[in-house]
Amino acid sequence: MKAIFYVYIVKCSDGTLYTGSTTNVPRRIHTHNAGKGAKYTRSRLPVTLVYQEEAESWSAALRREAAIKRLTRAQKIALIQRAEPEEPSPPQPTEPDTKTC
């Protein structure tokens, strides 16, 4: 079974963003929130996953992580917003059926 590699961004409790790489995103988020993840996140708990993407290989994930870390905060937020699924449009009201049988 081929491993799947991910790059992820979490939002820390102080509003900062942290970027990392892993093969198991839920486990990594749990590790962060247990205070055993990156030193950066330990004093900024809890963290919330706000973005993830797949990478072709571990080296590709690390390169993408480095590229994301070079982005400005505004660029990271734009990346996160582009990846969020759009809210479904509320149903449009329909005309009542006035036909009677």
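Which residues of β2 point one way from the strand, and which the other way? L17, T19 and S21 take one side, Y18, G20 and T22 take the other, and all of them are buried.

## The overall picture

What we're looking at is a predicted model. The protein has four helices and three strands, and from the N terminus the order is β-β-α-α-β-α-α. Out of 101 residues, 31% count as buried.

If you like contact statistics, take the contacts between residues at least 6 apart in sequence: 55% of them join residues at least 24 apart. The exposed surface comes to about 7400 Å², with carbon and sulfur atoms supplying 54% of it.

## The β1/β2 hairpin

Back to β2, which is mostly covered, with six of its six residues buried. Its partner is β1, and the two pair in the antiparallel sense over six bridges. To get your bearings in that pairing, find V7, which stands opposite S21 in β2.

Five residues sit between the strands of this hairpin, and G15 has a positive phi there, near 90°.

## Helix α1

Helix α1 spans residues 25-33, and V25, I29 and H32 are buried in it. Looking down the axis of α1, you'd see its buried residues fall within an arc of 60°, so they line one face of the helix. Turned away from that buried side is the face carrying P26 and H30, which are exposed. As for what covers the buried residues of α1, the list includes β1 (5-11), β2 (17-22), α2 (39-42) and β3 (48-55).

Both ends are worth a look. At the N-terminal end, N24 acts as the cap of α1, with a side-chain oxygen 3.0 Å from the backbone nitrogen of R27. At the other end, α1 is followed by G35, and its phi is positive, near 80°.

## Two nonpolar cores

How many residues make up the largest nonpolar core? There are 11 in all: F5, V7, I9, L17, Y51, A55, A60, A61, I68, L79 and I80. At least two residues of this core come from each of β1, β3, α3 (58-70) and α4 (73-83). Apart from it lies another core, this one of nine residues, among them C12, Y18, V25 and V47.

F5 is a handy residue to click on in the largest core. Leaving out residues up to four places away in sequence, F5 touches T22, T23, E53, E54, A55, E56, S57, W58 and A61. Of these contacts, A55 and A61 are also listed in the largest core.

Methods:
Residues numbered from 1 in each chain as written. Predicted model: local features only at pLDDT ≥ 70, side-chain atom pairs only at ≥ 80, totals over all residues. Heavy atoms only, no water. Buried < 20%, exposed > 50% of the residue type's maximum accessible area, 1.4 Å probe, protein only. Arc of directions from axis to C-beta. Contact = heavy atoms within 4.5 Å. Polar contact = N/O pair within 3.5 Å; in protein donor to acceptor, adjacent residues only side chain to side chain. Pairing = 2+ DSSP bridges. Core = buried A, V, L, I, M, F, W, Y, C linked by side-chain atoms within 4.5 Å. Areas by Shrake-Rupley, 256 points an atom, 1.4 Å probe, with all protein chains shown as cover.
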